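Student: I am new to this structure and would like a close look at a single part of it. Could you take me slowly through one chain and the way it meets its neighbours?

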Amino acid sequence: MLQVIRVATEKRVQLQNITAQVRDIVRRSGVNSGLCYVYCPHTTAAITVNENADPDVCSDITRFIGKLVPADFGFDHAEGNSDAHVLSSLFGVGKTFIIEQGDLLLGQWQGIYFSEFDGPRNRTVYVSIIKEEDVQS
Amino acid sequence: MLQVIRVATEKRVQLQNITAQVRDIVRRSGVNSGLCYVYCPHTTAAITVNENADPDVCSDITRFIGKLVPADFGFDHAEGNSDAHVLSSLFGVGKTFIIEQGDLLLGQWQGIYFSEFDGPRNRTVYVSIIKEEDVQS
Amino acid sequence: MLQVIRVATEKRVQLQNITAQVRDIVRRSGVNSGLCYVYCPHTTAAITVNENADPDVCSDITRFIGKLVPADFGFDHAEGNSDAHVLSSLFGVGKTFIIEQGDLLLGQWQGIYFSEFDGPRNRTVYVSIIKEEDVQS
């Protein structure tokens, strides 16, 4: 049950909310209980979870990480995007979610974000659903 | 098999050892082989794995991350806890563990820590167990 | 289906490519569709995913993280490797991969790296394969 989400980012660094797309895949899967794995097949992007209420949180994060990993550090990689590669390793290319009662189990304030560090680009996200076997019967 | 662990943190930034609680859930599940997924449904906290021998390691980590992500960076978010949101994305809201021979498979020095970045608070941790299907019979 | 990869690192900080070993385990498993979980049972190392084309990317990452988490910060831990413990929590001790059509599903430029932060050492990596149950029949 591999599913694909397409993301078109608009800035170099951007947290794009993909919660609705992931939730839709979970609901359509018909799986009542299990895991949902969201994977980014790129090396200058990542998947993260953070607040989906106040948009200042995402803008604070994107602004801060530009200071945390400065693009002008003196990297050697000729493409000039090593800061994005570092951030991909720090944020992580995949996140796992719990499926419970046929739906994505998230905390009240949580959203799932495709984390773009070297956009704008057309990006792909893979979503894989693992059904939990009944272990109690 | 969704299980819940309750954590009451006592400081703003704190690594609280939840290894015993996770191990207990794994043992009680009766699952011999599979995965155990530990998930934090909060946006200012995380789950991490680190040394459970010398307590200086945890205090070194909590002290260092206060310098890595300074609370006084100049964040916009009105709640004043954007440093905690950044750290949640850097540490990650979930960690997966291997179940082998009915027990949690950890390295000799590893412990599982609920990572509080904006406490003290009452927190929740979800634990989901996935049984490995026998793929060789 | 727990499998073990042995890694002998040669430097204090090093990203060692283990993609071929992980891929071999996936192919030999006979699992057509599922998840592959790669776990590092050490507290001064991690698993990461990054570019496997230009070696400058890995050297940029290892050089930068030495500045991000300076060994001379003033840590208390007597073993003198708290920087490595911090990096282990930032990179994360495990990564999950998708198995599709009997093979590891990676992005075009992605490789899997054992991330050594306190070598040289002989290290162990665990790989666990979870077969996806057929949820549509």
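Tutor: What follows is a walk around chain B, taking its contact with chain A and then its contact with chain C. Please keep in mind from the outset that this is a predicted model.

Let us begin on the side that faces chain A, where the contact takes 35 residues from chain B and 33 residues from chain A. Between them the two chains bury about 2900 Å², and carbon and sulfur atoms account for 63% of that area. On the chain B side, the residues that lose the most area to chain A are B:Tyr39, B:Phe73 and B:Ser89, which together make up 19% of what that side buries.

As for polar features, 14 residue pairs are in polar contact across the interface of chain B and chain A, counting pairs with both residues at pLDDT 80 or more. There is also 1 salt bridge across this interface, and it joins A:Arg63 to B:Asp76, whose closest N and O atoms lie 3.5 Å apart. The elements of chain B that give two or more residues to this side are strand 3, helix 3 and strand 8 (122-131), and helix 3 of chain B gives the most, with 6 residues. Sorted by character, the residues on the side of chain B that touches chain A divide into 19 nonpolar, 11 polar and 5 charged.

It is worth pausing at helix 3 of chain B, whose axis comes within 10 Å of the axis of helix 2 (residues 55-68) of chain A, the two crossing at roughly 70°. The two helices are therefore roughly perpendicular to each other. Helix 2 of chain A brings A:Val57, A:Asp60, A:Ile61, A:Phe64 and A:Leu68 to this contact, while helix 3 of chain B brings B:Ser82, B:His85, B:Val86, B:Ser89 and B:Leu90. B:Ser89, then, is both part of this helix contact and one of the residues of chain B that lose the most area to chain A. Taken together, the residues of the helix contact divide into 6 nonpolar, 3 polar and 1 charged.

Now turn to the side of chain B that faces chain C, where the contact takes 33 residues from chain B and 35 residues from chain C. The area buried between chain B and chain C is about 2900 Å², with 62% coming from carbon and sulfur atoms. Here the count is 1 salt bridge, formed by the side chains of B:Arg63 and C:Asp76 at 3.5 Å, N to O. In addition, 14 residue pairs are in polar contact between chain B and chain C, again with both residues at pLDDT 80 or more. On this side, the elements of chain B that give two or more residues are strand 3 (34-39), strand 4 (45-51), helix 2 (55-68), helix 3 (82-91) and strand 5 (94-100), with helix 2 of chain B giving the most, 8 residues. The residues of this side divide into 15 nonpolar, 8 polar and 10 charged.

Helix 2 of chain B also has a helix partner across this interface, since its axis and that of helix 3 (residues 82-91) of chain C come within 10 Å and cross at roughly 70°, which makes the two helices roughly perpendicular. In this contact B:Val57, B:Asp60, B:Ile61, B:Phe64 and B:Leu68 of helix 2 meet C:Ser82, C:His85, C:Val86 and C:Leu90 of helix 3 of chain C. The residues of this helix contact divide into 6 nonpolar, 2 polar and 1 charged.

Terms used
Residues are numbered from 1 along each chain as its sequence is written. Chains are lettered from A and ligands numbered from 1 in the order in which they are written. Side-chain values use heavy atoms; hydrogens and water are left out. Contact means heavy atoms within 4.5 Å. Buried area is the accessible area (1.4 Å probe) that two parts lose on being put together, summed over both. A salt bridge is a side-chain nitrogen of Lys or Arg within 4 Å of a carboxyl oxygen of Asp or Glu. A polar contact is a pair of N or O atoms within 3.5 Å; within protein, one must be able to donate a hydrogen and the other to accept it, and residues adjacent in sequence count only if both atoms are side-chain atoms. Helices (H or I, at least four residues) and strands (E, at least two) are DSSP runs, numbered from the N terminus. Ala, Val, Leu, Ile, Met, Phe, Trp, Tyr, Cys and Pro count as nonpolar, Asp, Glu, Lys and Arg as charged, and the others, Gly among them, as polar. Axes are lines fitted to C-alpha atoms, for helices over the stretch in contact, and angles run from 0 to 180 degrees between N-to-C directions. Angles under 35 degrees count as roughly parallel, over 145 as roughly antiparallel, 65 to 115 as roughly perpendicular and the rest as oblique.
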